[in-house]
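Q: Could you zoom in on one strand for me and walk me through its surroundings? I'd like to hear how it is covered, what it pairs with and where its side chains go.

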Amino acid sequence: MSVIIEMETIKAEISEQGAELISLKSKDSNLEYLWQANPDHWARHAPVLFPIVGALKDGKYTYQEKTYQLSQHGFARDSLFSLVEQTPTSALFLLESNDQTKENYPFDFQLYIAYELQESTLKVSYKVVNPTNEDLYFSIGGHPAFNVPLEEGLTFDDYYLEPTPMKSRITLPLKNGQIDSENRTLGQTNTTFALSHELFHEDALIFETKGRNAFSIKSEKSKHSVTLSYDDFPYVGIWSTYPVQSPFVCIEPWFGVADTVETSGQLTEKLGIQKLSSHKTMKTSYTITIQ
């Protein structure tokens, strides 16, 4: 099942499966901004990444001397959430730990995903609750994919990515799906850069970020654009498929990343892992603004 929320100018649809955003439309132009999950390219729209972001080395990790397996990006994206609350312009979903999640992730948790429309903007909020007397280790992130081109008559190469602020950011290269942290470099995000499929020939572009950041997909040939903004997510991934040339680009704000090449495999030592103390709550959010 899915839930529709809308205002005068904007409409969003969210599936209870994965609490995944599956449509984001302008009601003025009827333009669909979100990728529609064509399985010939990538069969998802905007999955929620939890309790890990990216891939584990050899698909496994160790916690308290026991080894567990988790697939890339974790299990939340394939889990059925409960609809907790709905208004005409908002929806709140919940996933709680259960016997099935504990087979591969031995923690109790509550994961709330909220969607709220505000004029031409969709706010996506995450709340992770630790209901136990033990520390909770996790990562969380978004993976929304946007149509590129946004409208008929244009091509992928007609678009560019505009970072705000325009400053250099540390880039983390990937090597066989793992972070090659020894080869961290200064990425040239101090200017706009043209979108091309060749950008992704070595997988996602991953940048370290601090403070307020925004990334916009724009074209000089169109008045329509989309901007993803956030505060204090430590990483962002920019991704599309390669060598298959798909008409979408993902902008992915993350609290966590894939394992490093040299990882110990210990969950508590994982790069980017979040530690939530007993009975504490972590809240964060990002926004998508359409034009």
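A: Here's a close look at strand β23 and its surroundings. Keep in mind that this is a predicted model.

Strand β23 covers residues 235-239, and five of its five residues are buried. That goes for both faces: Y235, G237 and W239 sit on one side, with V236 and I238 on the other, and all of them are buried.

Now for the strands it pairs with. One partner is β20 (residues 205-208), which pairs with β23 in the antiparallel sense over four bridges. Within that pairing, I206 stands opposite G237 of β23. Another partner is β24 (residues 248-255), also running antiparallel to β23, and here five bridges do the joining. If you want a spot to look at in that pairing, W239 has C250 of β24 as its bridge partner.

So where does W239 fit among the nonpolar cores? In general, nonpolar side chains in soluble globular proteins tend to be buried together. The largest nonpolar core in this model has 71 residues, and F50, L111, Y115 and I217 are the ones touching the most other members. W239 belongs to another core, lying apart from that one, with 17 residues that also include V53, V257 and A258.

To sum up the strand: β23 has buried residues on both sides, β20 pairs with it through four bridges, β24 is joined to it by five, and W239 is one of the members of the 17-residue core.

Methods: Residues numbered from 1 in each chain as written. Predicted model: local features only at pLDDT ≥ 70, side-chain atom pairs only at ≥ 80, totals over all residues. Heavy atoms only, no water. Buried < 20%, exposed > 50% of the residue type's maximum accessible area, 1.4 Å probe, protein only. Helix = DSSP H or I, 4+ residues; strand = E, 2+ residues; numbered from the N terminus. Pairing = 2+ DSSP bridges. Core = buried A, V, L, I, M, F, W, Y, C linked by side-chain atoms within 4.5 Å.
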